[in-house]
Amino acid sequence: FPEVRRDLAIMVDSNVAAGDLVDCARAAAGQAISQAVGSKLVNLVVFDQYSGEGIDPGKQSIGLGLTWQHSEHTLKDDEVNALTQTVLDALKQRFDASLR
């Protein structure tokens, strides 16, 4: 079944390492997947890291690409949105992250 990718631009403090965001996102995806049996995060990449013009001092934007897939059907937007929201909630809780 086809993969579905969601790209997120996450705003965090400049001292937050991209690897820490990835670790948190993977852990949160694991929790989300246990609730949506058959779904899985098949890829998670950092595709951008930016600070400078347009970004508040002491902040950075990190781009994460999350690729989801279900083993038995094509994922619907509401399923992907729920899985992605679980990751966003975890990033907010741990790093006070927000969408850019």
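This note goes through the predicted model point by point, from the sheet to the helix, the core and the charged pairs.

1. Ground rules. The model is predicted, and local features need pLDDT of at least 70, side-chain atom pairs count only at pLDDT 80 or more, and totals for chains, interfaces and linings use all residues. Residues are numbered from 1 along each chain as its sequence is written, and side-chain values use heavy atoms, with hydrogens and water left out.

2. The sheet as a whole. Four strands make an open sheet, in the order β2-β3-β1-β4, with antiparallel pairing. Strands here are DSSP runs of E with at least two residues, helices are DSSP runs of H or I with at least four residues, and both are numbered from the N terminus. Two strands count as paired if DSSP finds at least two bridges between them. The edges of the sheet are β2 and β4 (98–99), each of which pairs on one side only. As background, strands of a sheet pair through backbone hydrogen bonds, either parallel or antiparallel.

3. Strand β3 and its neighbours. On one side, β3 is joined to strand β2 (residues 39–50) by ten bridges, and the two run antiparallel. Within this pairing, V45 has G65 of β3 as its bridge partner. Strand β1 (residues 4–13) also pairs with β3 in the antiparallel sense, over ten bridges. Here I10 stands opposite I62 in β3, and M11 stands opposite S61 in β3.

4. The β4 edge. Strands β1 and β4 pair in the antiparallel sense over two bridges. M11 takes part here too, with S98 in β4 as its bridge partner. M11 therefore appears in two pairings, being opposite S61 in β3 and partnered with S98 in β4, as DSSP bridges define pairing.

5. How covered is β3? Strand β3 spans residues 59–70, and eleven of its twelve residues are buried. Buried means under 20% relative accessible area, exposed means over 50%, and partly exposed lies in between, using a 1.4 Å probe and protein chains only. One residue to look at is Q69, which is found in strand β3. Q69 counts as buried because its relative accessibility is 19%. The side chain of Q69 reaches the backbone oxygen of F1 at 2.4 Å. This is a polar contact: a pair of N or O atoms within 3.5 Å, where within protein one must be able to donate a hydrogen and the other to accept it, and residues adjacent in sequence count only if both atoms are side-chain atoms.

6. Helix α2 over the sheet. Helix α2 lies across β1, β2, β3 and β4, and runs at about 15 degrees to β1. The axes are lines fitted to C-alpha atoms, for helices over the stretch in contact, and angles run from 0 to 180 degrees between N-to-C directions. Contact means heavy atoms within 4.5 Å.

7. The nonpolar core. Which residues have the most contacts inside the largest nonpolar core? They are W68 and L91, in a core of 27 residues. The elements giving two or more residues to this core are β1, α1 (18–35), β2, β3 and α2 (77–95). A nonpolar core is a set of buried Ala, Val, Leu, Ile, Met, Phe, Trp, Tyr and Cys residues joined through side-chain atoms within 4.5 Å. Leaving out residues up to four places away in sequence, L91 touches I10, L21, C24, A25, L64, D96 and A97. In soluble globular proteins, nonpolar side chains tend to be buried together.

8. The R6–D77 pair. The whole structure holds four salt bridges, each being a side-chain nitrogen of Lys or Arg within 4 Å of a carboxyl oxygen of Asp or Glu. One of them joins R6 and D77, with the closest N and O atoms 3.4 Å apart. This pair links distant parts of the chain, with R6 in strand β1 and D77 in helix α2, 71 residues apart. R6 is partly exposed because its relative accessibility is 21%, whereas D77 counts as exposed at 55%.

9. Two further salt bridges. K59 forms one with D13, and the closest N and O atoms are 2.9 Å apart. K59 is in strand β3 and D13 in strand β1, 46 residues apart along the chain. K59 is partly exposed at 26% relative accessible area, and D13 is partly exposed at 32%. Another salt bridge joins the side chains of D96 and K92 (2.9 Å, N to O). D96 is partly exposed at 48%, and K92 is partly exposed at 44%.
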